[in-house]
Amino acid sequence: MPKPFPTSARVVVIGGGVMGCSTAYHLAKAGCRDVVLLERKQLTSGTSWHSAAQVRALRSSENLTRMIQYSAELYQSLEEETGQSTGWVQTGSLSLATNEERFTHIKRQASLARLFGIEADVVSPEEAGRLWPLIRTDDLVGAVWSPEDGRVNPSDLCAALTKAARANGAQIVEDAPVTGFTVTNGRVTGVETPHGTIACETVALCAGLWSHSVAALAGISAPLHACEHFYLLTQPLEEITGHLPTLGDHDAHLYLRDDVGGLLVGSFEPNARAIGLDKLPRDFAFDLLAEDWDHFEPMLMNGIHRIPALERAEARMLLNGPESFTPDGRFLLGESPELRGFFLGCGMNSAGMASSGGAGRWLAEWILAGEPTVDVWPVDIRRFAPFHNNMRALRERAPEVLATHYVTEAPHREFETARDIRHGPLHARQAAKGAHFSQRMGWERPSFFITDGASVDMTPTFARPDFERYVAAEHAAARNDVALFDQSSYAKLRVHGPDAESVLQRLCANDMSATPGRVIYTGMLNSQGGYESDCTVFRHAADDYLIVTGTAQPVRDRDWIMRNLEDEQVTIDDVTEGTAVLALAGPKTRDLLATVSDADLSNAAFPYMSWRDIALGRWPVRAARLSYVGELGWELYMPIGFAGAVYDLLFEAGAEFGLRDAGTTAMTCLRIEKGYRAWGHDLTPETTPLEAGLGFAAKIDLNTAFIGQDALRRQRDEGLSKRLVTFTLSEREALAIGGEPILWNGGFVGQVSSAAFGHTVDRTVAIGLVQAGETTVDDMVRAGGFEIEIAGDRIAAAASFQAPYDPRGEKLRG
């Protein structure tokens, strides 16, 4: 007899694909018995059932790699737990390179694999041919063999997950589409279906390509869009007698493997196509889209080039199924900042089978703990703002995300679609002066300026880029003369009200009781002492502060503050759009400003980390004495209506001082050369101020308590097991970009978090977190013996807790 339709639950999971099944499994496994999973049709009937089901562990960050490693372990252990096979087969994977850029890319992946304890070997074209006897090898440069990768059967996997979830008390309900939600006081309180409403505390939206429309029922954003995804299945070939490794011919946009004696040939083709849900039947389940051989033909030709036997294989079917993609190619995870209790786990970008075991665990842990248990920033829903949910922009971007699924991780790659969403007040002037723009949180920001009108090759490369000469000139201007950086896109949150000081004293690690007129450098920490944000804070008045944080962080940082408010009288406003920020930096900055302002800019009258209201020509600005590039500098805050005139005034006066526009690329080089940390790279929720060498910005010994204070005190008493270290590479031509393994005396001890070429020291400079072993990190640094591994090559590096460059006459960070 079927169970009655549930009327209440602690957690309602929406979606019966692999992500929903994994989330329900992990919730129930963790002891949350009151879990209901709702599926609109039947389990796996949307996207999961037709997945190619590859599980390839290596990703660009440690946590994402560990997530997929856990997926693989889970998929192998579920049969013992449930008696239900998942179809796991450990076939390994083979990644091919047909050019040097791709070979560098996969060698970098192999280096990371070894750092994370994953077996990966660089092999010759001949060895690749022995591992995959059917492939053509005469055009290969090399390959990487990863023997631990595998595949699953999607339906069997979901059956095992739901069997275990039921055994732990979860209820699975099919044919139960969601029609709406109930919301009370800004929190989701129920899920509406044709069978009735389920009262609940929490919702986990894992509805795949339907997640955007289901989220809209609750009035929240889920920025994803469906695209057509193709793969060919052939009849058996006599040459295939068993399992073969999953083959990645990514220069040809292909993945290939055996399938019941034949071949599966899948693609992420350059001419990808979006598809709207309005094009799908309302009862779409275990359905496919129309075959399109003309569309797939170029990929078929690529497949025949790589596997000549494919030309005589008989086609079984050309599968065309919809899959969802997000604006940046990473999935959506976490609690929506727009509605409390509403979590998302969707937009898997054709990597759902590999990701969902670990991602479902992360989502379940976040729901139960009330906060992430690991650093999930690369996939955190709060990296997007509501404007990212625009359907027209998503429809433009999603096909490009699919088409670039297999691009290399060479730096400075930018999406070309859904651009020009947000312009700063200087955009037209910058464009006229040759700015090359990159996009961040929708903002078009100058990366560098092509000042001579020359044609520049913007092809992403692991080698020195064609535009390096412009970055070097901007770098030199900041070090020797004066440079202007447009920081208008930086997030600016105004915190004001009677309890503003007490709120920020609790949320910030530094002492926020400074008198108005001061700028405070601080972090906002979690209970473990890790960085939730790294920011500068202006105290404008006794009850009025301005937090300035990274361009990508306004949604996340505002959400962090809001969720940690108690019964306090305070208001948080995002004032980013209304305030322009022009930053001047360089040894001649004071001289330049003196020509356009009567203000006293001396050290005595205008000390470091202070702000004053001054006039520049006819325009009032709020000037703050600080710099993110390691030189004498002022940040100039003003209404956006003043920005163009002030910019023109500065350049009219600045010629004699060598004033030059500078972009974000030079700023990155400058800040790394000075050893400055960046949140999301060097500072993360798993990194503390003490580990980062920023203990001076944490009031550990003050009686005023703050979140993370107890953790910092314990860490100080127990000693540090890891520390951020700055490295200067010994070889000028060695170019690190971030993510490289760090070795000490031949053993892996950490990973580079930031790296760039330091044009002042004429070497690559890197920052990375080093893990202590049998000795302390301090002793390791004193002893030397560090190397950075770049695409398999180990480069000697000088290690220090000090920056390799220290500017003249400017005291930094207090």
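Student: What is notable about the phi of glycine 31, just after helix 1?

Tutor: In this predicted model, glycine 31 takes a positive phi of about 100°. Its place is just after the end of helix 1.

Student: How do you know that the length of helix 1 agrees with its number of residues?

Tutor: Set the expected span against the model. Helix 1 (residues 18-29) has 12 residues, which should span 16 Å at 1.5 Å a residue. Its end C-alpha atoms are 16 Å apart, so the two values agree.

Student: Why is helix 1 called largely enclosed by the rest of the structure?

Tutor: Because 11 of its 12 residues are buried. The buried residues include Met19, Cys21, Tyr25, His26 and Leu27.

Student: What interrupts helix 7, and where is it centred?

Tutor: A kink of about 30°, centred on methionine 299. Even so, helix 7 (residues 293-306) reaches 19 Å from its first C-alpha to its last, close to the 20 Å expected for its 14 residues. Methionine 299 is also one of the buried residues of helix 7, along with others including Phe296, Leu300 and Ile304.

Student: Which strands do the buried residues of helix 7 pack against?

Tutor: Among them are strand 4 (93-97), strand 12 (225-234), strand 14 (254-259) and strand 16 (315-325).

Student: Now to charges. Why is the pair of glutamate 335 and arginine 563 called a salt bridge?

Tutor: The closest N and O atoms are 3.1 Å apart. The cut-off is 4 Å, so the pair qualifies. Glutamate 335 lies in strand 17 (residues 332-335) and arginine 563 in helix 13 (residues 554-563), so the bridge ties together parts that are 228 residues apart in sequence.

Student: Is glutamate 335 buried or exposed, and what about arginine 563?

Tutor: Glutamate 335 has 5% relative accessibility, so it counts as buried, since the limit is under 20%. Arginine 563, at 24%, counts as partly exposed.

Student: How many salt bridges are there?

Tutor: The count comes to 52.

Student: What makes arginine 716 and aspartate 701 another salt bridge?

Tutor: Their closest N and O atoms are 2.9 Å apart, and that is within 4 Å. Arginine 716 lies in helix 18 (residues 709-718) and aspartate 701 in the loop between helix 17 (689-692) and helix 18, so the pair ties together parts that are 15 residues apart in sequence. Arginine 716 counts as partly exposed at 39% relative accessibility. Aspartate 701 counts as exposed at 57%, since exposed means over 50%.

Student: How do you know that arginine 763 and aspartate 762 meet in a salt bridge?

Tutor: The N to O distance is 3.8 Å, which is also within the 4 Å cut-off. Arginine 763, at 27% relative accessibility, counts as partly exposed. Aspartate 762, at 28%, counts as partly exposed as well.

Student: Which residues are joined into one network by salt bridges that share partners?

Tutor: The network joins Glu335, Arg340, Asp380, Arg382, Glu532, Arg556, Asp559 and Arg563.

Student: Why does aspartate 380 count as buried?

Tutor: Its relative accessibility is 0%, so it counts as buried. Aspartate 380 is found in the loop between helix 8 (352-369) and helix 9 (391-403). Leaving aside its neighbours within four places in sequence, aspartate 380 is in contact with Leu333, Trp366 and Arg556.

Student: On to rings. How many aromatic pairs are found in the whole structure?

Tutor: The search finds 16. In one of them, phenylalanine 181 and phenylalanine 342 have ring centres 5.2 Å apart and planes at 70°, so the pair is edge-to-face. The cut-offs are 6.5 Å for the centres and over 60 degrees for edge-to-face. Phenylalanine 181 lies in strand 9 (residues 180-184) and phenylalanine 342 in strand 18 (residues 342-346), so the pair ties together parts that are 161 residues apart in sequence. Both phenylalanine 181 and phenylalanine 342 are buried.

Student: Which residues form one aromatic cluster?

Tutor: Tyr255, Phe268 and Tyr406 do.

Student: What lies over the face of tryptophan 210?

Tutor: Arginine 40, at 4.2 Å from the ring centre; the limit is 6 Å. Likewise, the charged end of arginine 464 sits over the ring of phenylalanine 757, 4.4 Å from its centre.

Key: Residues numbered from 1 in each chain as written. Predicted model: local features only at pLDDT ≥ 70, side-chain atom pairs only at ≥ 80, totals over all residues. Heavy atoms only, no water. Salt bridge = Lys/Arg side-chain N within 4 Å of Asp/Glu carboxyl O. Helix = DSSP H or I, 4+ residues; strand = E, 2+ residues; numbered from the N terminus. Buried < 20%, exposed > 50% of the residue type's maximum accessible area, 1.4 Å probe, protein only. Phe/Tyr/Trp six-rings, centres within 6.5 Å; stacked < 30°, edge-to-face > 60°. Lys NZ or Arg CZ within 6 Å of the ring centre and 35° of its normal. Expected span 1.5 Å × (residues − 1). Bend = angle between axes of the 7 residues up to and from the residue. Contact = heavy atoms within 4.5 Å.
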